[in-house]
Amino acid sequence: MTKLTVDQEKCIGCGACVAIAPKNFDFNEEGYSTVIGEEITDETKEAEEACPVFAIDIEDAENEECDCDECHCDECECDDDECDCDEDEDDEEDIDEEDDDILEEDDN
Ligand code: SF4
C-alpha cells in the first residue's frame, strides 16, 4: 500500500505538483498543495521530483515492511501472507543439508 503525502510546513504553493499531477494534488484554502487522489502514476513521481522544497513524499509501506523479493533476509518479521522469506530460509537449509550430505559422501 502506498501513501502519498504533502508536508504542509514545507509547501510554498508554487503549483508545480498541481500542474503535473492534477489527479493527485490540488490547492487547499490557504493556497498550499493537498492530496486529493492516492493513485501513484508516472505523473505523481514526476511531481515529487519537481517539488522545489521536497514537500511531497511517496511512501511505499509494503516495501518498507518487507522487500523479500529483493533482500531474502534472515530477519524478516513481516506479517505479509505473500512473504516468501520462510520458504527461502527452508530452501537454503535444504541446500545446506544437501551440501553436507555430498561432503560426507566425498569423505568416504
Ligand atoms: S510542488 Fe511542492 S511546493 Fe509546489 S505546490 Fe506542490 S507541494 Fe507545494
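Where does Phe 54 lie? Click on it and you land in the loop between α2 and β4. Helices and strands here are DSSP runs numbered from the N terminus, with helices (H or I) needing at least four residues and strands (E) at least two.

Before going on, a word about what is on your screen. This is a predicted model, in which local features need pLDDT of at least 70 and side-chain atom pairs count only at pLDDT 80 or more, while totals for chains, interfaces and linings use all residues. Residues are numbered from 1 along each chain as its sequence is written.

**Stop 1: the whole chain**

Colour the protein chain by secondary structure. You should find five helices and four strands, and from the N terminus on they run β-α-β-β-α-β-α-α-α. The chain has 108 residues, and 13% of them count as buried. Buried means that 20 or more other C-beta atoms lie within 10 Å of a residue's own; exposed means 12 or fewer, and partly exposed is in between, with C-beta atoms placed from the backbone.

**Stop 2: the loop after α2**

Go back to Phe 54. Its phi is near 55°, a positive value in a residue other than glycine. Phe 54 counts as exposed because it has 10 other C-beta atoms within 10 Å.

Now select Pro 52, found in the loop between α2 (42-50) and β4 (56-60). Pro 52 is exposed because it has 9 C-beta neighbours inside 10 Å. Add Ile 12 to the selection: it is 40 residues from Pro 52 along the chain, yet their C-alpha atoms are separated by 8.8 Å.

**Stop 3: helix α2**

Which residues of α2 are buried? Pick Thr 44, Ala 47 and Glu 48. They sit on the same side of α2 because they cover an arc of only 100° around the axis, the arc being that of the directions from the helix axis to the C-beta atoms. These buried residues pack against β1 (2-6), α1 (16-20), β2 (25-27) and β4. Spin to the face turned away from the buried side, and you meet the exposed Asp 42 and Glu 49.

Glu 43 is also in α2. This one is partly exposed because it has 18 C-beta neighbours inside 10 Å. Leaving aside neighbours within four places in sequence, Glu 43 is in contact with Ile 20 and Ala 21; contact means C-beta atoms, placed from the backbone, within 7 Å.

**Stop 4: the nonpolar core**

Select Val 6, Cys 11, Cys 17, Ala 21, Phe 25, Ala 47, Cys 51, Ala 55 and Ile 56: these nine residues make up the largest nonpolar core. Such a core is a set of buried Ala, Val, Leu, Ile, Met, Phe, Trp, Tyr and Cys residues joined through C-beta atoms within 7 Å. In soluble globular proteins, nonpolar side chains tend to be buried together.

Zoom in on Cys 17. Not counting residues up to four places away in sequence, Cys 17 touches Phe 25, Ser 33, Ala 47, Ala 50, Cys 51 and Ile 56.

Next, hop to Ser 33 in strand β3 (residues 33-35). Is Ser 33 buried or exposed? It is buried, because it has 27 C-beta neighbours inside 10 Å. Its contacts beyond four places in sequence include Val 6, Cys 11 and Gly 13.

**Last stop: the ligand**

Show the residues around the ligand. There are 14, and Cys 11, Cys 14, Ala 16, Cys 17 and Cys 51 come nearest; a residue is near if its C-beta atom, placed from the backbone, lies within 6 Å. By class, this shell has eleven nonpolar, three polar and no charged residues. Ala, Val, Leu, Ile, Met, Phe, Trp, Tyr, Cys and Pro count as nonpolar, Asp, Glu, Lys and Arg as charged, and the others, Gly among them, as polar.

Methods
Contact = placed C-beta atoms within 7 Å.
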